Structure formats: structure tokens, C-alpha cells
Amino acid sequence: MTASRERVLSGMRPTGKLHLGNYLGALDNWVRMQDRFDCFYFVANWHALTTLEDNVREVDVPVNTVEMVADWLGAGLDPERSTLFIQSLVPEHAELYTLLSMVTPVSWLERVPTYKEMVEQLGLESPSLGLLGYPVLQSADILMYQARWVPVGIDQVPHVELTREVARRFNHAFGEVFPEPQAKLTEIPKVPGTDGRKMSKSYGNAIYLSDSAETVREKVRPMTTDPARKRRADPGNPDVCPVFDLHRIFTPSGDREWAATGCRTAGIGCLDCKGKLLEHMEPALAPIRERRRQFAEKPDLIVDVLHEGSRRARRVAQTTMEAVRRVAPLTP
Ligand code: SF4
């Protein structure tokens with residue numbers, strides 16, 4: 001960790017083991033950013049409760065936290081260089097959330113696209129205050145560390161914009177404390193699941209970082225292909241094939257060209273094509289899987305890493321809150 005580096009803040013809800021979509025969409029980028037930024041990455045465990053309504057006890061947040069952070073460490077997040085922490089172990093987030101909620105109009109929150117999507121998708125009849133206030137808590141998470149950058153996909157940009165507006169409102173109402181963070185757009189490759197839809201735990205189509213080489217083979221072999229290619233002799237179209245989307249991620253250009261040409265001319269079968277994909281996936285996934293396995297065998301070590309990181313994060317949070325309390329004096 002180098003204090004002079006620009007700070008980056010990002011978090012993930014603890015949903016358990018991470019799949020390739022999570023890795024390629026965020027985690028891989030987090031790992032690479034460690035070389036250039038002062039990175040704060042947190043387990044968003046309060047956020048994990050915002051959509052649970054009455055089934056809170058069915059989701060094991062502590063177990064999911066350990067599984068997810070085993071993937072973080074396996075993928076190469078380094079607790080010496082990055083601060084890895086748990087949101088609820090830094091209770092200052094809740095205090096800042098309360099103060100920010102005083103300057104945030106409810107109408108702003110009702111307009112947030114992901115709020116409306118969540119309510120519709122999950123069929124929530126009576127969404128919680130926690131869900132509506134989710135972007136305010138996220139603003140507190142970001143502003144607490146005076147982060148310069150927040151790495152996000154394009155659909156999360158409105159949240160960072162809202163954080164900037166909340167920071168402006170706070171600074172105007174109480175006094176200048178918070179710099180406005182910037183969204184750092186992450187290019188997210190298309191990562192299809194085994195059925196061709198977007199890879200998602202809830203679709204049951206995911207390939208996990210923890211899957212053994214054999215399991216990955218068993219998942220890739222029956223994977224959905226170009227639906228027009230019914231027989232071996234039919235030419236196919238790699239541009240509409242989910243297997244080829246994975247080639248774009250894992251396979252170097254020479255072999256990728258071999259697969260595309262073989263597909264279009266019916267020179268290769270889909271199993272040949274998938275075999276070539278597996279040849280390139282395995283060397284990329286094996287080191288992550290092996291490191292992950294070593295960490296997962298020592299859950300106490302993972303917990304220690306998170307507690308140590310949370311202490312470090314808390315020191316920063318306390319400094320921020322001292323500045324906040326100076327401009328928003330509430331007690332005699
Ligand atoms: S040959 Fe490869 S790219 Fe073509 S349809 Fe089969 S799996 Fe997809």
C-alpha cells in the first residue's frame with residue numbers, strides 16, 4: 001500500500017463462490033489495479049441484506065464471505081498491497097449513511113434504474129427502506145475513503161453520479177469534506193454461461209473459479225453452440241456461438257482463427273472446438289484454482305486477513321468521520 005497513490009474503492013456482495021463472469025467482469029480488474037492504485041476492496045455484507053425481506057436467515061453471509069474472499073485471494077488480491085475489509089466491521093459506514101440520508105431527496109432514489117429493476121425482477125411488493133437507501137449506503141462506502149476512482153461497468157455509472165451529487169449536497173449543507181469520486185469504466189467481456197445466457201449463479205449455468213479441471217470439462221462439453229449447426233457437416237457461425245465468446249477471452253489469435261475457419265467450413269466439429277477452448281482455459285484457471293484451494297483450507301487465515309484489513313480501513317474511516325463531525329456538530 002502506497003499512500004501517495006490514487007485511491008480506488010470497490011465492493012462485492014458476499015454471494016459465495018465466484019464464477020468466471022464475476023472474475024472477468026470485476027475481480028481480474030481489481031487484481032490488476034493493485035499495481036497502480038491504493039486499493040480498498042470490501043465485502044458488502046449490509047448490502048447483501050437489502051433484498052432478502054423475510055428470508056434473511058436462509059442466506060449464510062459469513063460462510064459466503066469466506067468462500068468469496070478465498071476466490072479474491074486465489075485470483076491474486078494481495079492483502080499486503082490492498083486493504084480487504086468487511087463493511088459491517090467498520091461501523092462508521094452506518095453513521096455516515098445516516099448523515100448522508102439527511103441530504104438525499106427520496107425522489108433521487110426512486111429514480112435509480114437498478115432500484116426499479118430489482119423491485120420488478122424480484123417481485124417485491126413492499127421493498128425495504130434498506131433497498132431504497134442502497135445508493136446512499138454505497139455513497140457512504142465510497143466517500144468514507146475519499147476514493148478518487150470507483151471501477152464500475154456501464155450500468156453502475158448512475159450510482160457513482162448519485163454519489164457525486166450526494167457529496168455536493170453534503171459539502172453545501174455542512175462544509176467541504178468530500179472530493180467527488182470518478183467512475184472508472186471497466187470493459188466487461190461477454191461471458192456466457194453453459195446454456196448461452198449470461199453467466200449467473202441463479203441460472204445454474206456458471207463455471208466457478210473453484211471448479212476442478214474435470215468439472216470445467218464436464219460443463220464445457222455439452223455447452224450450447226450455434227443452434228443452426230445441427231450436424232457435423234453443417235457449417236456454423238462463431239459470431240452467434242457462446243463457445244466462441246469464451247474463445248475470444250481465453251484463446252490466442254492463431255487457434256481462435258483455426259476454430260472460426262473450421263466452424264464456418266464445417267472442417268471441425270463442435271467437440272474439437274470445445275477441446276481447443278479447454279486447452280487454453282485450463283492454464284489460465286489452474287493457478288487460481290490451486291491458490292484458492294490453499295486459502296479455502298485455512299478459513300481462519302481468511303478471517304484474520306479480513307479483520308486486519310478492517311482495522312486498517314477503520315483508521316481511515318475514523319479520520320474521515322472526525323472531519324465530518326467537525327462540520328456537522330451535533331453534540332454540545
Ligand atoms: S465449431 Fe465452435 S464456434 Fe462453431 S458452432 Fe461449434 S462450438 Fe460454436
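The exercises below, each with a worked solution, concern a predicted model.

**Exercise 1.** Determine whether Ala-70 is buried or exposed, and find which residues it is in contact with beyond its neighbours within four places in sequence.

*Solution.* Begin with the location: Ala-70 lies in helix α2, which covers residues 61-75. Next, take its relative accessible area, which is 0%. Since buried means under 20% relative accessible area, Ala-70 is therefore buried. Finally, once the neighbours within four places in sequence are left aside, Ala-70 is in contact with Arg-292, Ala-296 and Ile-302.

**Exercise 2.** Identify the residues that touch the most other members of the largest nonpolar core, and the helix that gives the most to this core.

*Solution.* The largest nonpolar core has 50 residues, and those touching the most other members are Leu-20, Leu-27, Tyr-41, Trp-72 and Met-281. Helix α1, residues 20-33, gives the most to this core, contributing seven residues. Turning to Met-281, and leaving aside its neighbours within four places in sequence, one finds it in contact with Leu-20, Ile-207, Val-216, Val-220 and Phe-250. There is also a second, separate core of 39 residues, which includes Leu-9, Ala-147, Val-166 and Val-177.

**Exercise 3.** State where the ligand sits, and sort the residues around the ligand by class.

*Solution.* The ligand sits in the largest cavity. Around the ligand are Thr-225, Asp-226, Arg-229, Cys-241, Val-243, Cys-263, Cys-270 and Cys-273. Sorted by class, this shell holds five nonpolar residues, one polar residue and two charged residues.

Note on methods
Residues are numbered from 1 along each chain as its sequence is written. This is a predicted model: local features need pLDDT of at least 70, side-chain atom pairs count only at pLDDT 80 or more; totals for chains, interfaces and linings use all residues. Side-chain values use heavy atoms; hydrogens and water are left out. A nonpolar core is a set of buried Ala, Val, Leu, Ile, Met, Phe, Trp, Tyr and Cys residues joined through side-chain atoms within 4.5 Å. Buried means under 20% relative accessible area, exposed over 50%, partly exposed in between (1.4 Å probe, protein chains only). Helices (H or I, at least four residues) and strands (E, at least two) are DSSP runs, numbered from the N terminus. Contact means heavy atoms within 4.5 Å. A residue is near a molecule or strand if one of its heavy atoms lies within 4 Å of it. On a 1 Å grid over the protein atoms alone, a cavity is a set of points where a 1.4 Å probe fits but cannot get out, and a pocket is an open set with protein on both sides within 12 Å along at least five of seven lines; lining residues have an atom within 4 Å of a point. A molecule sits in a cavity or pocket if more than half of its atoms lie within 2 Å of its grid points. Ala, Val, Leu, Ile, Met, Phe, Trp, Tyr, Cys and Pro count as nonpolar, Asp, Glu, Lys and Arg as charged, and the others, Gly among them, as polar.
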